[in-house]
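Please look through the structure below at your own pace, and then follow the explanation, which goes from one helix to the whole chain and back to single residues.

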Amino acid sequence: MTLAGILFVLGLISMLIRRNMIFMLLSVEIMLNAAGLAFIVASSHWAQPDGQVMFMFILSMAAAEVSVGLALILQLYHQLKSLDSDEASRMKG
Amino acid sequence: MLFLIPALPFFSALVLILAGRSLNKAAVSVIACGSMGIAAAITLVLGLPFLQSGEHIIVQHLWTWMQAGSFTAGIDLRLDALSLAFVFVITFVGFLIHVYSTGYMAEDADYSRFFACMNLFVGAMLLLVLADNLLLLYFGWEGVGLCSYLLIGFWYKDPANGYAARKAFIVTRVGDTAMAIALFMLFQYTGTLQIQQILDQAPQLWAAGNSTIVLIAFLLLGGAVGKSAQLPLQTWLPDAMAGPTPVSALIHAATMVTAGVYLIARTHVLFELAPAAQTGVAVIGAVTLLLAGCSALVQTDIKRVLAYSTISQIGYMFLALGVGAWSAAIFHFVTHAFFKALLFMGAGAVIVAMHHEQDMFKMGGLRKQLPAVFWVFLIGSASLSAIPFITSGFYSKDQIVWLAWSSVHGHTFYWIAAITGAFLTAMYTFRMVFLTFYGPKASHHTPHAPGNSMMIPLYILALCSTLAGFVELPHTMGHVTLFSDWLQHILPAVQLQQESTALEWTSQLLAAGLTFLGIYIAWVWVIERPDGMLRFSQMPFMRWLRKLWFSGWAFDALYDEMLVHPFVRTARMNRRDMIDRIYTTLARITEWLHNMLARTQSGLLRWYIMGVVLGAVVILSVLIWRVYV
């Protein structure tokens, strides 16, 4: 459980300090896996299958999210010729 | 069948509004002119039984428009001899103007919008004259006002045109308000707006000279004065020249300005019960015809001369209505429609030939270059200035001049005004002809002759301007009274205070003499001794007078000082009032909030994540705090 917490915080911090969008996507994955780990640990602790089921959901969602995210990043790279997320601030109000 | 007459132009307008952009010019012309032509043909078919007797009446109930309590207003049409005279002129002259417009507007980009408005204009006017109740009449009345706004401001890219259009709309609105009040009062006293019922009931309800009926008649007169551009609401008409020339022809000849004449003729029973109002009509007519005649003398724009001449000629019609010579007024309306449409379209042909030059002093010598236009224009001018025997204008105007004195309501003052007006008319008309067509060639433009679509309507109208007069000849010359006999079932015949052939001869000879004198003076003024006239007009008093007349007796400046400026000043004073402030403060607060929120939307992704994280932390801490504490 502590490992899951550490993993989540690591993912969060790297998300906040990284500017490269690929790495941001990676940290999102780390956070998702941290959450998944927490679910599995909790399900084995209380001997409930729900956590396992939830992890399956998280896996499939992560796959979908990565494909959409990568496609967006590709498009942004075409537009901006860079992977810097701060460059993509043209839509600010 | 009757409903088709107004329905066809309306339908064509609808088609052109909806599908005008996708149609080519030929299709637009066919739809616009075709609908008018069919309407004119239907008018002729329906009008045939009327030729045998003027008593014939066609009424058609289409549907009930609205019903509230005892009040019903239907879409009811009614065709009698009076409306037939108007419908005939509107459809027939309107058709010719449409045909002419296909030539005049051929180069214009907004071809279909132009014809849509023209058709709508004609349709509204037809509804006005065919209406069986005053509410429907008012509907057409307002429709005409709207279309005049659309067409005067047709070339809306020039702000001056938009200003002229607004002016026409607002000034006539003053009269419309008076007329609306008159309708309310009529409904209050008679309980109906059906014209025939009102006319039947009026003599039982009110004694002659009763103050209520006088008030109603004056209010109706106010409406008529606004639409017909009579004193004191005449200022919009000269500015209405901003529109394309066929529009001016339509406004002046067939629609719009004659609506006032129709209204008074239609409600003549009310005016007979109100002698004061009827005197008012005659006085307004007499004064207007003189003022407008003087103004027309000094104008330089060919269309403005014609505009003032229209005001002056409608003054004649009002004078005739005022002295109870109802059919003479309608007769003058018919002949005026022919020759004024002819003159406007002739002037339009000249303007096109001169590459849209309207200043007469920059024309001159066009007689050789545009012979066909010159001859038809000359016929129109002769008719307008009432050259004896050969022109229709002579027979109609002469009748009014004579009746202005000899009718029971007549007066020497009216007769003097009318005959002076005839003199002025001849003078300004032929000043215009001489300036435009005679003299040295003043322009370096090479005029190009107008095409057939423009010339054929002119020929037809020239024929009408000459022949239309022969249906009504004075006592002294054959005594033909086809037209007034035909109308006498609707409009009572004029009552004469005395009949004297000798006096009538004198009046006619005097009028004819003054006409020729006017033409001679115009000849001297423009052709023979222009330098002498120039010196004469440079005298201080004459310059002052010229300036006054040129500005149309400075009515514009007067109204600006009296109404427009005080209004603008009050509006400016009220610019920041209490209620306004509440709303501006509200708007400011919203704007401030918006700015605060907009600043958070920086576009930096990591800031957003930070926000999400902070939000999650706050929510989680609150939850934990609630559970454990």
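**A walk through chain B**

In helix α2 of chain B, the buried residues are B:Val28, B:Ser29, B:Ile31, B:Ala32, B:Cys33, B:Ser35, B:Met36, B:Ala39, B:Ala40 and B:Thr43. Bear in mind that this is a predicted model, and that every value given here is computed from it. To read the spacing of such a list, it helps to know that an α-helix has 3.6 residues a turn, so residues three or four places apart point the same way. What covers the buried residues of α2(B) includes three other helices of chain B, namely α1 (4–19), α3 (81–104) and α4 (111–130).

The helix α2(B) itself runs over residues 25–52, and its 28 residues reach 41 Å from the first C-alpha to the last, which is close to the 40 Å expected at 1.5 Å a residue. Along the way α2(B) bends by about 30 degrees at B:Leu46, and a proline, B:Pro49, follows within four residues.

After this helix the reader comes to a pair of strands. Strand β1 (residues 58–68) and strand β2 (residues 71–79) of chain B run antiparallel and are joined by nine bridges, and in one of these pairings B:Trp63 of chain B has B:Ile75 in β2(B) as its bridge partner. The two strands form a hairpin with two residues between them, and in the turn B:Gly69 has a positive phi of about 65 degrees. In the UniProt record, an unreviewed entry, residues 65–115 of chain B are listed as "domain: NADH-Ubiquinone oxidoreductase (complex I) chain 5 N-terminal". Over residues 65–115 the chain is 57% helix and 25% strand, with end C-alpha atoms 28 Å apart.

A second annotated stretch can be set beside that one. The UniProt record, again an unreviewed entry, places "domain: NADH:quinone oxidoreductase/Mrp antiporter transmembrane" at residues 131–424 of chain B, and over these residues the chain is 77% helix and 0% strand, while the end C-alpha atoms are 37 Å apart.

Consider next helix α15 of chain B, which covers residues 326–353: at 1.5 Å a residue its 28 residues should span 40 Å, and its end C-alpha atoms are indeed 40 Å apart, which agrees. There is nevertheless a kink of about 25 degrees in α15(B), centred on B:His336. Because 27 of the 28 residues of α15(B) are buried, this helix is largely enclosed by the rest of the structure. B:His355, which follows α15(B), has a positive phi, near 60 degrees.

A single residue can be examined in a similar way. B:Tyr262 has its place in helix α11 (residues 259–266) of chain B, and it counts as buried because it has 24 C-beta neighbours inside 10 Å, where 20 or more are needed. Leaving aside its neighbours within four places in sequence, B:Tyr262 is in contact with B:Phe86 and B:Val129. B:Tyr262 and B:Ile416, by comparison, are 154 residues apart in sequence and 25 Å apart in space, C-alpha to C-alpha.

Finally, step back to the whole chain. The secondary structure of chain B comes to 27 helices and two strands, and its C-alpha trace spans about 120 × 65 × 50 Å along its principal axes. Of its 629 residues, 51% count as buried, and among contacts between residues at least 6 apart in sequence, 80% join residues at least 24 apart. The domain assignment gives domain 1 (1–202), domain 2 (274–528) and domain 3 (577–628), and the centres of domain 1 and domain 3 of chain B, taken over C-alpha atoms, are separated by 59 Å.

Conventions
Residues are numbered from 1 along each chain as its sequence is written. Chains are lettered from A and ligands numbered from 1 in the order in which they are written. This is a predicted model: local features need pLDDT of at least 70, side-chain atom pairs count only at pLDDT 80 or more; totals for chains, interfaces and linings use all residues. The expected span of a helix is 1.5 Å times one less than its number of residues. The bend at a residue is the angle between axes fitted to the seven residues ending there and the seven starting there. A residue is buried if 20 or more other C-beta atoms lie within 10 Å of its own, exposed if 12 or fewer, and partly exposed in between; C-beta atoms are placed from the backbone. Two residues are in contact if their C-beta atoms, placed from the backbone, lie within 7 Å. Domain bounds come from an automatic or database domain assignment. Two strands pair if DSSP finds at least two bridges between them. UniProt positions are given in the numbering used here, feature names are shortened, and annotations may be inferred rather than shown by experiment.
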